[in-house]
Amino acid sequence: MTSVAATHLLPVFARVDLSFERGEGAWLIATNGDRYLDFTSGVAVNSLGHAHPHLVQALQEQATKLWHMSNLFKSPDGERLATRLCEQSFADYVFFANSGAEAMEGAIKITRKYHAAKGHPERYRIITFEGAFHGRTLATLAATGSAKYLDGFGPPMDGFDQVPFGDIEAVKKAIGPHTAGILVEPVQGEGGVRTAPLPFYKALRQLCDDNGLLLVIDEVQTGMGRTGDLFAHRWLGVTPDVMSLAKALGGGFPIGAVLATAEAASGMTPGTHGSTFGGNPLAVAAANAVLDVMLAPGFFDHVRKMSLLLKQKLASVVDRHPDIISEIRGEGLLVGIKAVVPSGDLVAALRDQKLLTVGAGDNVVRFLPPLIVNESEIEQSVEMLDRACTALSGGHGKQAVAS
Ligand SMILES: *Cc1c(COP(=O)(O)O)cnc(C)c1O
């Protein structure tokens, strides 16, 4: 017989023995009263911090009116949210889903249907990249292409051709008569905060234009301000045909979205896609409130300012503790610290200092502060990192220089 542990939660997560009662801005208060600086933001979700007054008010107001009503009827607030997202982007249409993987499923379906509706159903394959992460459903796992995640779940779904990230020649070689599109993240978040050089993304756009392919950008993690602009493809200087959003879109309320141009979405007619919960009024109210805050003047200036400060201060910690950490990477407040020691040890040592962070691939620790983080909190986080590095090197390391 298989033994059942003390919890009835399916043991698919290696959870830390720590739980929280409430949050205030960038801080989380544990059930034992300890205060932690939250640089996980629920894995890039709580971008406006915890209990942001404007979000709390929007959700409370909506909760007294209407929680759910299906997509059988019109949704004025959903239309408003879609209009705002389109005004801020390349897109003409938005489909609301409930998670990142679901948004990605929609993006994949739109891409395949585009060619089928043009009389080319054989063009269904999508080129993806090593180190990518697109979700945990069967299609998005196949797109992710990681053996570690696919093992034991039967034959991976057909239709994805994976090539090395940043290798434009490999992309060219992978394009064939069955190719429908190219799917890429502006920054590989889960993959270790890795970005390809800007010309690579421009070359992808050109290849799509030359070969009649759709460029699909997965902004589930990079979107909604995380990299210092509302969408990361703005600073990439590349316009996608299809884009997925989720994580920070609802500020902590589950909502995903797939955005597309009218041309890319031309195959999506009534009945071709759907979702029971997608565009739920509570989720839409949360996302509209998030946009109210992010679109206010100066919001992204603040994100970029905090990013610069954080990266400068982190670089000085690399100088002092080269035996523990070796490199700072990332854009905006999606910051990766390449560890020399196992990244899990660094995450644990930071937690001992009351700083919460997230591991990623490539032995990287992610700093994902809420975008409303202030200067003092950035400084505190860097001091905590410095102490964690000192603890990990057995109390050694160069003396911290007063800045
Ligand atoms: C988190 C993530 C996903 C999956 O989102 P879920 O909400 O966990 O399904 C997809 N793509 C990227 C880039 C992500 O970071």
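In this predicted model, Arg 329 has a relative accessibility of 14% and is therefore classed as buried, where buried denotes under 20% relative accessible area, exposed over 50% and partly exposed the range in between (1.4 Å probe, protein chains only). Residues are numbered from 1 along each chain as its sequence is written. Because the model is predicted, local features need pLDDT of at least 70 and side-chain atom pairs count only at pLDDT 80 or more, while totals for chains, interfaces and linings use all residues, and side-chain values use heavy atoms, with hydrogens and water left out.

The side chain of Arg 329 meets that of Asp 362 in a salt bridge with an N to O distance of 3.1 Å, a salt bridge being a side-chain nitrogen of Lys or Arg within 4 Å of a carboxyl oxygen of Asp or Glu. Asp 362 is located in the loop between strand E14 (358-360) and strand E15, whereas Arg 329 belongs to strand E11, so the pair ties together parts that are 33 residues apart in sequence; helices (H or I, at least four residues) and strands (E, at least two) are here DSSP runs, numbered from the N terminus. In contrast to the buried arginine, Asp 362 is partly exposed, its relative accessible area being 37%. Through salt bridges with shared partners, Glu 21, Arg 22, Glu 24 and Arg 35 are joined into one network. Within this network, the side chains of Glu 24 and Arg 22 form a salt bridge at 2.6 Å, N to O, and Glu 24 is partly exposed at 35% relative accessibility, as is Arg 22 with a relative accessible area of 41%. The structure holds 19 salt bridges.

Another of these ion pairs is formed by the side chains of Glu 190 and Arg 366, at 3.0 Å, N to O. The pair links distant parts of the chain, with Glu 190 in the loop between strand E7 (179-184) and helix H8 (198-211) and Arg 366 in strand E15, 176 residues apart. Glu 190 is partly exposed, with a relative accessible area of 24%, while Arg 366 counts as buried at 1% relative accessibility.

Glu 190 also figures in the surroundings of Lys 247, a residue covered by the UniProt annotation "modified residue: N6-(pyridoxal phosphate)lysine" in an unreviewed entry; UniProt positions are given in the numbering used here, feature names are shortened, and annotations may be inferred rather than shown by experiment. Lys 247 is placed in the loop between strand E9 (242-245) and strand E10 (256-260), and its relative accessibility of 21% makes it partly exposed. When neighbours within four places in sequence are left aside, Lys 247 is in contact (heavy atoms within 4.5 Å) with Val 43, Ala 44, Val 45, Glu 190, Val 220 and Gln 221.

Two of the residues in contact with Lys 247, Val 43 and Ala 44, have backbone angles that merit separate description. Val 43 has a positive phi of about 55° although it is not a glycine, and Ala 44 likewise has a positive phi, of about 65°, without being a glycine. Most residues other than glycine have a negative phi. Val 43 lies in helix H1 (residues 41-44), and Ala 44 is placed in helix H1 as well; however, Val 43 is partly exposed with a relative accessible area of 28%, whereas Ala 44 is buried at 1% relative accessibility.

Helix H11 (residues 299-320) has 22 residues and an expected span of 32 Å at 1.5 Å a residue, in agreement with the 32 Å between its end C-alpha atoms, the expected span being 1.5 Å times one less than the number of residues. Among the buried residues of H11 are Phe 299, Phe 300, Val 303, Met 306, Leu 309 and Leu 310, together with Ser 307 and Arg 320. The buried residues of H11 pack against helix H10 (281-294), strand E11 (325-331), strand E12 (334-339), strand E15 (364-367) and helix H13 (375-392).

Ser 343 is situated in helix H12 (residues 343-352) and is buried, with a relative accessibility of 13%. With residues up to four places away in sequence not counted, Ser 343 touches Asn 363, Val 364 and Val 365. Val 12, by contrast, is exposed, with a relative accessible area of 58%, and is found in the segment before strand E1 (20-24).
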